[in-house]
Structure formats: C-alpha cells, structure tokens
Amino acid sequence: MFLMDRLRSLKIAAYHPHMTSVPTLLRCRELRLNGVSMLVLCTACTMPNPAFMETGSSTGEYAETATSSPTTFADTSSGDDSTGVSSEVGSEGESMTEGPDPTTGDDSGSETADTTIGTTTGEPATDTDTSDTEGACEEVVWYRDFDLDGHAGNSEQLLLCAGEQPPADYYAEADDCDDANDIVSPSANEVCDGLDNNCNHLRDEFSDLNHACEMILGATCFNAEYEGHFYYFCQDLTFPDGFPPAAELKCTEFATAPNLSHLMAIESQAEHEFAVPYVTDLVQVETLIGLYDALGNNNLEQYQWTGGGQLVGYGADGQTPPWKANEPNNLNEQWVVLRADTGLWNDVTNDYPYAFACEAIPGE
Ligand SMILES: [Ca+2]
Ligand SMILES: [Ca+2]
Ligand SMILES: [Ca+2]
Ligand SMILES: [Ca+2]
C-alpha cells in the first residue's frame, strides 16, 4: 500500500496544467496474495492531461487558457485584418486615382466606376496630369443608365472634361425615375400595371394603351386626358372607400407625389362638358366630384374644392354652374355629384358610396 501511495503521488506530480498530455506514466497494478501485497506490475503509457480534457467542468487555469486563447487569436487576426484592410483601401485608393486616366473612354464597366469614385472624392490627380491644370478642364457630369432603357438614373455620376465622349450607357440627364426597371422611363408607354411607367408622377393614367384600368383601386376607372390634366372616372366602391371623404383619399393613390391628384375640380363649362359623357355613358351612376359645402350653409361662394380653392362663379368664363333645378337644396347634403341621367350637378349626403372622378396634374 505504501508503494501504491508513492506511485499515485508520483502520477499526480507528473501532471502539469499547461501540458496537453503527460508523455510517460507508469500504470501499476498491485497483486495481492492472502490480503498481503506481493508484487506491483508497472507498464509505461502516455496519458492525456485531464486539465485539458475536462472542458465543461474545469475552471481555473484551463478556463483561463481556453478563453484567453481565442482572445489572443482574435486580437491577432483583427490586427492582421485591419492592417490588411487599410493596405487594401490604400491600394484601391491608388487604383481609383488611376481611374481617371482611362478618361480616354476605352474602358467601361468597373473601371468606369473607379473613375467615377475617384473623381467624386476629389482625386482627379491624374486628370491634373493630363489636362486639369486649375480650371483648364471644364467638367461635365454624365449619368449612368443601369437598366439600359435609354435613360439614366442618378445613382452613378461620371465627371469628364467638356468635349470628352462618355462611355456607352451614360447620358447627360438623369431622368429615369426607376433605373432598376426598364419598363419605366420618360420614353415608356403608360400601361395598366400599377406603376408610373412614364415618370410623370401619375400611375396608370390615360394613354393610347390605357383607356381603362383597375390596378390601383380594384375598381374600373375610365381614363381621359383634357388640357394636360388626367382624369380617372372610377366606378363606385363599397364602404368605406366610396364615401365622399374616403374617395378623396383614393384619388391621391394615382399620384406618386403629394398634392397632384384630387377629386375632380370642374372650373369651366368646357371642362364640365368634357366630363359629362364619361359619367352618363361609361360610369352610368352618380359620380362624385371634389366640391363640398364645408360650412353646411349652402352659400355657393363658400363651397370648396378638395384640391384647394373655392367655387367662385364658374371659373374664368363666369358661367353659372350647371346645377340641376332647385339644387343645391339641403344643408345636410354637403357633397356634389354629376347625375348619371343628365350630367347636372346635385348635392348629396356623405353616407352613401358613389362613383367618383379624380383629376391629376402630372409632376415634373
Ligand atoms: Ca435607365
Ligand atoms: Ca427605368
Ligand atoms: Ca404616368
Ligand atoms: Ca402604369
């Protein structure tokens, strides 16, 4: 027993917390005879250091080693990375400043982009080498057309000296309102797809290809154009969208910019006569326009258009608005429709859904 105690103590002493394994240990077995220790057999073997095996339970030195190790690694790697990044940035920066060199125009694609970045970051250093000596080069801005529909967006600019030819797909004007969609550009045809195809800030308005459409509101709208304004004569919607205040909001959905589209404001006899056939022949039900009696006093001088302005006379020609006989006649009827039978004006309550006419002015 004494010998075994000595061997155990030797074994323990052989472990070292910073060694992943113990090179050689004596594994001993005690032979007994009649309860008396007679012989101890020992064999040599290599044993792992338990301090490195007990990952879950060990604390102290191993735990410190385990956590400090990644930290050290992270520090080292981040140091390397940051060095790498900064050197990469440096080298890219150099290539960027070299970018303007190909302003000869041969290159395209990414090198063109480099030129752009280098130029916009105020690095026309090589430009200076060639032609830019303090104002000698009059710079011209070119814009890239990404969706290749013949119109550039504003996402990438290229500065060249006046007279230099830009690469293909660069244009002097950035007028593509969606440069990621080649069916949207100032040259595109407006079609019934819910988009402003022709970049005039109006969606699905009248065109030769779009006389009626239901994409925006889910109800059919008959489209028209008159004197540069666009009109949507929309069939009645159910609660709540067809009610007068809600209909005004539905009209705004045709525009991609604020204050371009409202319920129709009829400001002349000619505009009235333009609108009537759409109501009587196509919509065929009472159609709300944007006139309302905000004060509820039937004082025509105080009637308002939802798009702004008051009903004063009847526009520039001063004619009397074409009210149906004895209309407006009710202080509680604060909205105005065009009647489907005659097209004449009639005041109505706001507790009933109507068809409605929108009028929109194109944006820039
Ligand atoms: Ca484009
Ligand atoms: Ca486009
Ligand atoms: Ca449009
Ligand atoms: Ca459209």
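The paragraphs below lead through this structure from its overall make-up to its core, its strands and a few backbone details.

The model is predicted, and its confidence is uneven: the protein chain averages a pLDDT of 72, and 61% of the residues score at least 70. Over residues 1-132 the pLDDT stays under 50, and for this stretch the model has 105 contacts beyond four places in sequence. Where pLDDT is low, the predicted coordinates should not be read in detail.

Taken as a whole, the protein chain contains seven helices and 15 strands, and of its 364 residues 28% count as buried. Among the contacts between residues at least 6 apart in sequence, 52% join residues that are at least 24 apart.

A good place to begin is the interior. The largest nonpolar core has 44 residues, and those with the most contacts inside it are Phe233, Leu288, Ile289, Ala357 and Cys358. At least two residues of this core come from each of strand S7 (221-226), strand S8 (229-234), H6, helix H7 (269-283), S10, S13 and S15. Apart from this core lies another, of six residues, including Tyr143, Leu158, Leu160 and Tyr170. Returning to Phe233, and leaving aside residues up to four places away in sequence, one finds that Phe233 touches Cys221, Phe222, Tyr278, Val279, Leu282, Val283, Thr287 and Ala357.

The strand S8 is largely enclosed by the rest of the structure, because five of its six residues are buried. S8 pairs with S7 in the antiparallel sense over six bridges, and within this pairing Tyr226 stands opposite His229 of S8. The hairpin of S7 and S8 has two residues between the strands, and in it Glu227 takes a positive phi near 50°. S8 is also joined to S15 by five bridges, the two strands running antiparallel, and here the bridge partner of Tyr232 is Cys358 in S15.

Helix H6, which spans residues 244-252, has Pro244, Ala247, Glu248, Lys250 and Cys251 as its buried residues. These residues lie on the same side of H6, because they cover an arc of only 160° around the axis. An α-helix has 3.6 residues a turn, so residues three or four places apart point the same way. The buried residues of H6 pack against four strands, namely S9 (261-263), S10 (287-292), S13 (335-338) and S15 (355-360).

One of those strands, S13, also takes part in a hairpin. S13 and strand S14 (residues 345-348) pair in the antiparallel sense over four bridges, with Val336 standing opposite Asp347 in S14. Six residues lie between the two strands of this hairpin, and Gly343 in the turn has a positive phi of about 80°. In the loop between strand S12 (313-316) and S13 is the place of Pro328, and the peptide bond that leads from Glu327 to Pro328 is cis, with omega near -5°.

Two further loop residues deserve a look for their backbone angles. Leu148, in the loop between strand S3 (139-144) and strand S4 (157-161), has a phi near 55°, a positive value in a residue other than glycine; Leu148 is exposed, with 10 other C-beta atoms within 10 Å. Asp169 is found in the loop between S4 and strand S5 (170-171), and its phi, near 75°, is again a positive value in a residue other than glycine. Asp169 is partly exposed, with 16 other C-beta atoms within 10 Å.

Key. Residues numbered from 1 in each chain as written. Chains lettered and ligands numbered in written order. Predicted model: local features only at pLDDT ≥ 70, side-chain atom pairs only at ≥ 80, totals over all residues. pLDDT = per-residue confidence, 0-100. Contact = placed C-beta atoms within 7 Å. Buried ≥ 20, exposed ≤ 12 C-beta atoms within 10 Å, placed from the backbone. Arc of directions from axis to C-beta. Pairing = 2+ DSSP bridges. Core = buried A, V, L, I, M, F, W, Y, C linked by C-beta atoms within 7 Å.
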